[in-house]
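Trainee: Could we go through the enclosed spaces in this model together, one at a time?
Mentor: Gladly; let us have the structure in front of us before we begin.

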Amino acid sequence: MYTPAPIPENDEMRVQALQECRVLDTEAEPTFDALTAAASELCGVPIALISLVDQDRQWFKARIGIDATQTHRDEAFCSHAILTPEPMIIEDAYEDPRFCESPLVLGPPHIRFYAGVPLELSSGERIGTLCVIDQQPRKLTSDQRSGLKVLAIQATALLELRRKVVQLERTTEQLERARTEADQANQAKSEFLASMSHEIRTPLNGVIGMTELLRDTDLDTRQRRFVEACHASGTSLLGLINDILDLSKIEAGRLELDPHEFDLEQLVMELVDAMAMQARNKGLDMICFIDPRAARTVIGDSTRLRQVLVNLIGNALKFTEKGEIYVRVAPDKIDGQNVTCRFAVTDTGIGIPEDRLHQLFNAFEQADSSMSRRFGGTGLGLTISKSLVEAMGGRIEVDSEVGVGSTFAFTANLPLADDARPQPLSPEQLKRMRVLIADPCQTSRQAVAEMMAGWQITCCTTDTLEQAQRLFSAAVETQQPYDVFLVDQQLWQRGQPDWLRTGGDQPVRTFLMVADTPPLPAEGDQIVNVVHKPICPSRLMDVLVESLCQPSEPDLATPQSSLGSASSEGDGYILLVEDNPINQLFVTEILSRNGYRCDVAENGRQAVDAVQRERYNLILMDCQMPEMDGFAATGAIRQFEAERGEGDHVPIIALTANAIKGDRERCLEAGMDDYLSKPVEVKDLLAKLQDYLSGSDRESKANDEPASTNTTPIPSGDDPLDVEAALQRCMDDSEFLAATLDSFVTEVPGYIDELERLIESGDAESATRAAHSIKGAAGMVTAESLRAVAAELEALGKEGRLSQARDELDQLKAEWARCTRYIDDLQKAGSA
């Protein structure tokens, strides 16, 4: 009589391990089926199984040569095979007393031969077998035995992987539950802090208000001291509560920014001016530099930006006993209207050990616990500042050295406002002047010198009056005297030098840089004006222009390319609609030299907005641009003119690099008045302007321009550029050509990188525009070979054949490399 296999001692753990694999009663899988097929072929038998022994059955995850999906565990050969780690091989079941009366031997599938290798997990549980079966007795060779073991190891690995995935999912679920519970607890804590902060702040504001009223009453010295102490303590406590309230908002995810237009320079200078008094009271220099490239009007949350700056400057003042605080603002990245500004606050304070830097931005922590006792504070300011900076799309960082000082810097995304004003540009009269700066503070004089350099004003710096006298005398001897002397108040008070009066035909004009308020009175005629420290760029420029420029000096501080910036009086007010910076530079320079005033729009949408704001005499319209092309923009402008109903019709001249049949007709159908092909020839452009602006009273400077052939110049020999033709196009002005080539070298790599990315992503339409931009830029500087390859890429993009564009792209890169080498050689030789 057949006796079932005994139950293993660890059967409960074994069954649990099997269930953790989540493999029972699942669909067939190719990986397991392939192992059974390999086992059947290896051993030359008709039946092969991956059998998993459950609590009451054996279930087949994979099977070859049998229709059944499971049998009872008591009947299973595998129930015996899992009792030992070694393979169980029954060469003839009729001769084995354990199995000769088994139902699976006497009945289907009539097992005579069985070989099963246990599937043992890494934790020791044997959960099933990989087995082969035959209805005939047989023996396995040593190779077959080894191969069967290898296949069993692979099957076990698959099961082990499933078990680990299940365990990982279970751990992830536990972590998710723990995170949810922690978030709920944190939310409750933040709400409690917010509620308590609000409840405390209300009566505290009353206390502070009453002490302010009490200060204004008649008090004796002792009473006033008590009131001042009460007011100071209340203000300090209110600051702490505000920090806690901000932190609770941040942690609760309820911190919201309020973007709006504001004047960046005004915000920074007002803040620096306000905190400069604290610096002076500690004997510190407060210096500020705002890069002239930074726009004045930006979009952002000025309140939160001010909060971060107050915290960083306040910390610098707190931890600095001698030296200076230097606040620097400069654009970090400019991409069209999107601008990222970098703000840095540098001090000469105690510094922070490197191993403590990581703690700075954690709530309620400072670099050293003794700091809270010595300097005060809770450690919340930097935590809040970090969150505010990240909310503004930036990041904050610190660089510090013990005993030397620290620099806290952060970036913030501050897009340009529609009417963004740049920092003041230097009038031509100032550009001709030479300035001598004397200031004992190195950072201060370097900051002023950097401002001057941004305005293209020549200057020299020194830290003493003695050195200033030597520089002054040397300049007089070389017949290059200084026009302006910027001198620090501290140096001036040591003795006003008479040598300033010996500067040639007229004495050098002296400006006194003062940090005290109110400023010292100007003594004698040597002091032309007073400049307040910290020096504000626009205020310094105003003082220089007011004191040095003639009243008839035109207002050159208005940028020619700023939308809506020029006056609309007269008949020479032109709007250039062009997205290519190289073409912008070329055309605006030509227009400026010939007395025309010009605004620039970078796409059709900007052009429509500009026309709705200003009255232009003529529009030069590029046809192919992003967002809105020239044809759509022309239609929108004509519709606006019709709706305005004043009979206005501004002439629109098309500019296009696609000089093919039908282009002129398409331009006229869109509502344009005329047509110019790119690259634009100076003679042709001025002739068109003369035709449409015949009432102009300006004197054209292009009378001596050579006649235009209206064809693209061909480089001579193997040169990638025809320098002679390019110079002729730039009105024989080598500086104009150099500026054009600089713009060409700067802008084109971005177009090439973009084109490569678009080709890889399969964006044919955008790739066509990128190739078109390269073609236009190359044509402008007579890089004919580069232009031809770009034109081919443009054609492939229009036809959607980007798969063929990769070879052309390689050729484009090769031509670009030739161009840059050639231009570099020209610049080194001084030819351009």
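## Cavities in the predicted model

Mentor: The second largest cavity has a volume of about 30 Å³, and please keep in mind that this is a predicted model.

Trainee: Which residues line the second largest cavity?
Mentor: The elements that give two or more residues to this lining are β4 (88–90), β5 (113–120) and α5 (142–215). Read along the chain, the lining residues are P87, M88, I89, A115, G116, V117, R145 and L148.

Trainee: Which element gives the largest share of the lining of the second largest cavity?
Mentor: Among the residues that line this cavity are A115, G116 and V117, whose numbers fall in the range 113–120 given for β5. The largest share, 3 residues, therefore comes from a strand, namely β5.

Trainee: How do the residues of that lining divide into nonpolar, polar and charged?
Mentor: Because Gly is counted as polar and Arg as charged, G116 and R145 in the lining fall into those two classes. The division is 6 nonpolar, 1 polar and 1 charged.

Trainee: What is the volume of the largest cavity?
Mentor: The structure holds 2 cavities of 30 Å³ or more. For the largest cavity, the volume is about 50 Å³.

Trainee: Which helix gives the most to the lining of the largest cavity?
Mentor: This cavity is lined by 10 residues, and those nearest its centre are N580, N583, K678, H772 and S773. The lining divides into 1 nonpolar, 5 polar and 4 charged residues. With 3 residues, the helix that gives the most, spanning residues 764–780, is α23.

Technical notes: Residues numbered from 1 in each chain as written. Predicted model: local features only at pLDDT ≥ 70, side-chain atom pairs only at ≥ 80, totals over all residues. Heavy atoms only, no water. 1 Å grid on protein atoms, 1.4 Å probe; cavity = no way out; pocket = protein on both sides within 12 Å on 5 of 7 lines; lining within 4 Å. Points joined across faces, edges and corners; volume = space filled by probe spheres on them. Helix = DSSP H or I, 4+ residues; strand = E, 2+ residues; numbered from the N terminus.
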